[in-house]
Structures are given as C-alpha cells and as structure tokens.
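User: Could you take a close look at the ligand site in this one? I'd like a walk through what lines it and how the elements around it are arranged.

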Amino acid sequence: MSHRLESPSNIWITGAGSGIGEALTRALVRGNHRLILTGRRSEPLEELCRVAPEKMLSAPGDTTNQEDLRQIAQVLEDQGDLHMVILNAGTCQYLDVAEYDSRIIEQNVHTNVIGTARCLDIALPALRRTRAKGLPATLVIVSSSAWWFPFGRAEGYGASKAALTYFAHSLRADLAHEGIDVVVVSPGFVKTPLTDRNDFPMPFLVTAEDAAERIVSGLAKGKNEIDFPKRFTWTLRLLGALPQGLVDRMAANMARKGT
Ligand SMILES: NC(=O)c1ccc[n+]([C@@H]2O[C@H](COP(=O)([O-])OP(=O)(O)OC[C@H]3O[C@@H](n4cnc5c(N)ncnc54)[C@H](OP(=O)(O)O)[C@@H]3O)[C@@H](O)[C@H]2O)c1
C-alpha cells in the first residue's frame with residue numbers, strides 16, 4: 001500500500017513554469033501539497049505562486065547550472081522535510097539530418113540528462129534526510145515514450161530520453177535498499193509549448209491537465225512506471241517488439257513522409 005501523497009507533502013518540481021510542470025503544480029496544490037517551483041524564467045513561476053502563495057515558493061534557476069542548484073539547495077533545506085522531487089525540466093530539439101549538427105544532440109543531452117543528473121546532487125541528500133526519519137521519499141523523473149520507436153529527426157531527443165530512463169532504472173536498483181522510490185513517467189504527446197512547435201501529426205494528443213491527472217493518480221497508487229495515453233504507448237510497445245528489419249522499414253518510411 002502506497003503512502004505517497006497521503007498527507008500534505010513538500011515537493012520540489014522543475015520545469016514548473018509551463019506545460020506538464022505547470023499543470024502538475026496546480027493539481028498537487030489542489031491536493032494540499034506544498035510546492036517549490038524551479039525553471040529558468042522567474043516570471044511564470046511568480047505568477048503561478050499567486051494561485052496559492054501560502055503553498056508555493058519560487059526557486060528559479062537553470063537545472064544544468066551547479067551554482068544555481070547550490071542556491072536552490074538552501075531553499076529546499078529551509079522548507080523542512082522534502083518528500084518528493086519531480087524532475088520534469090526538459091527540452092526537445094529536432095535534427096535536420098541534411099544539415100547535421102552535433103550541437104543538437106548535445107543540447108538535448110545537456111538539459112535532459114546532465115541537468116537531471118545535477119539536480120540529484122541536491123535532491124538525493126534531502127530525500128535521504130527525510131527517509132532517515134521513516135517518511136516516504138520519492139524521486140520522479142519525467143522521461144518520454146518517444147525513444148521506444150526510432151522516429152526520424154529525434155536522434156537527440158530520443159537518445160537523451162533513452163539515457164534518462166536507463167539512468168532512472170539504474171538509480172531505482174541502487175536506491176531500493178534505502179526505501180527511496182524512483183518513478184519514471186513516459187508520456188505520449190501532450191499539448192504544451194514544447195509540442196506547439198511540432199509541424200507533424202501527433203496521434204492521441206492529450207491536454208497538460210489530463211497528463212497531470214494521470215501522473216498524480218499513478219503516484220498516489222504507488223506506481224513506479226507511469227505511461228499514457230495507453231493507446232499510444234501500447235502501440236509503440238507493439239511496434240518496438242517487431243523484428244528490427246521491419247521496424248527499420250517502417251521508421252524509414254515515416255521519416256521519408258515526414259510523419
Ligand atoms: N509535451 C509532450 O508531448 C511530452 C511528451 C513526453 C515527455 N515530455 C517531457 O515532459 C517534460 C515537460 O515538457 P513540456 O511538454 O511540459 O514542455 P514545456 O512547456 O516546454 O516545459 C518545459 C519546462 O522546462 C523548463 N526548463 C527547460 N530547460 C530548463 C533548464 N535548463 N533549467 C530549468 N528549467 C528548464 C522550461 O522553463 P524555462 O524556459 O523558464 O526554464 C519549461 O517550463 C519535458 O521533460 C519533456 O521532455 C513532454
């Protein structure tokens with residue numbers, strides 16, 4: 001039986017200023033939890049804090065910047081026990097293979113993998129202190145289901161989310177004996193500023209509010225793997241289980257048509 005989110009919890013969330021992070025923040029505040037919000041731009045965080053100033057605190061910073069993180073660590077410590085960390089900040093840069101540029105790969109990996117890994121420098125000691133008091137401590141990593149199939153132009157994004165998921169699963173193994181849960185969230189397409197830039201069809205697109213509801217519900221049920229919408233993630237699972245030659249032909253066909 002899960003004890004996550006059963007009582008008002010202190011939660012640090014990154015990428016809180018828009019999209020999934022913002023919707024998650026609003027949903028968790030409605031559930032009476034207290035949120036510490038991080039993102040590079042302070043304005044959207046300040047605006048969000050106005051929704052419930054007594055339950056939200058802005059702690060702006062770049063998750064790839066170790067000095068910013070040191071300052072955020074102090075804010076976290078001042079708030080008392082930290083029960084949950086949601087590492088959601090991310091980027092999606094697509095590659096145009098005709099103009100191949102390794103910086104696209106680097107940008108995706110730097111924000112999505114290195115940024116998330118650096119957040120652990122400050123999150124893990126805080127979660128350990130909470131766990132040492134016998135309280136639940138949960139690390140949530142927002143990955144993606146995109147890497148389950150080799151989509152064209154997603155070399156950088158897909159590689160970063162594949163690496164991030166491996167990172168999370170490996171951490172789950174190492175932290176199991178300490179009783180710190182590691183949850184991986186793998187959304188399909190969610191309507192946010194990140195996907196508003198996409199110029200291709202996005203099957204089974206869900207709203208950010210819908211995504212937040214599914215994530216909070218999965219967390220409360222004690223799930224360690226949360227993926228949605230099921231019609232999309234099951235399709236990807238089935239496609240990914242086909243022989244590689246077949247996957248390659250389908251992927252090349254889709255890349256050629258730009259879908
Ligand atoms: N939307 C989808 O379809 C979808 C699907 C699967 C997975 N995801 C994942 O879900 C997460 C949230 O994405 P979203 O769709 O909600 O996009 P979004 O609206 O663009 O949100 C991303 C947030 O991350 C913050 N951010 C980016 N880089 C940062 C950095 N270096 N330091 C601190 N904050 C940073 C941004 O704020 P600032 O610019 O102010 O820093 C922004 O608020 C991402 O990890 C994304 O990969 C999204």
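Analyst:
**Around the ligand**

Let's start with a side chain: an N or O atom of Ser18 sits 2.8 Å from an oxygen atom of the ligand. Keep in mind as we go that this is a predicted model. The backbone joins in too. A polar backbone atom of Thr63 is 2.9 Å from a nitrogen atom of the ligand, and one of Gly188 is 3.4 Å from a ligand oxygen. How much of the ligand's accessible area does the protein cover? On its own the ligand has 880 Å² of it, and the protein covers 94% of that.

Zooming out a bit, the ligand has 28 residues around it. Arg40, Arg41, Tyr157, Val190 and Thr192 are the closest. By character, the shell splits into 15 polar residues, nine nonpolar and four charged.

As for which helices take part, α1 (19–30), α5 (155–175) and α6 (193–196) each put at least two residues into that shell. The top contributor is α6, which gives three residues.

One of these helices, α1, also has a packing partner worth a look. Two packed helices are described by the angle between their axes and the distance between the axes. For α1 and helix α7 (residues 208–220), the angle is about 60° and the axes are 8 Å apart. That angle is why α1 counts as oblique to α7. Their crossing is right-handed.

A second pair makes a handy comparison. Helix α3 (residues 66–78) packs with helix α4 (residues 102–132) at about 20°, their axes 8 Å apart. An angle under 35 degrees counts as roughly parallel, so that is what α3 is to α4. Here as well, α3 passes α4 in a right-handed crossing.

Back to α5, another helix of the shell. In the loop between β5 (137–142) and α5 you'll find Arg153. What stands out about Arg153 is a positive phi of about 70°, although this residue is not a glycine.

One more backbone detail to check while you have the model open: Phe228 and Pro229 are joined by a cis peptide bond, with omega about -15°. Pro229 belongs to the loop between β9 (225–228) and α8 (230–240).

So, to pull the site together: Ser18 offers a side-chain atom to the ligand, Thr63 and Gly188 offer backbone atoms, and α1, α5 and α6 each supply at least two residues of the shell.

How values were computed
Residues numbered from 1 in each chain as written. Predicted model: local features only at pLDDT ≥ 70, side-chain atom pairs only at ≥ 80, totals over all residues. Heavy atoms only, no water. Near = heavy atom within 4 Å. Polar contact = N/O pair within 3.5 Å; in protein donor to acceptor, adjacent residues only side chain to side chain. Areas by Shrake-Rupley, 256 points an atom, 1.4 Å probe, with all protein chains shown as cover. Helix = DSSP H or I, 4+ residues; strand = E, 2+ residues; numbered from the N terminus. Nonpolar A, V, L, I, M, F, W, Y, C, P; charged D, E, K, R; others polar. Axes fitted to C-alpha atoms, helices over the stretch in contact; angles between N-to-C directions. Parallel < 35°, antiparallel > 145°, perpendicular 65-115°, else oblique. Left-handed = near helix turned anticlockwise from the far one by under 90°.
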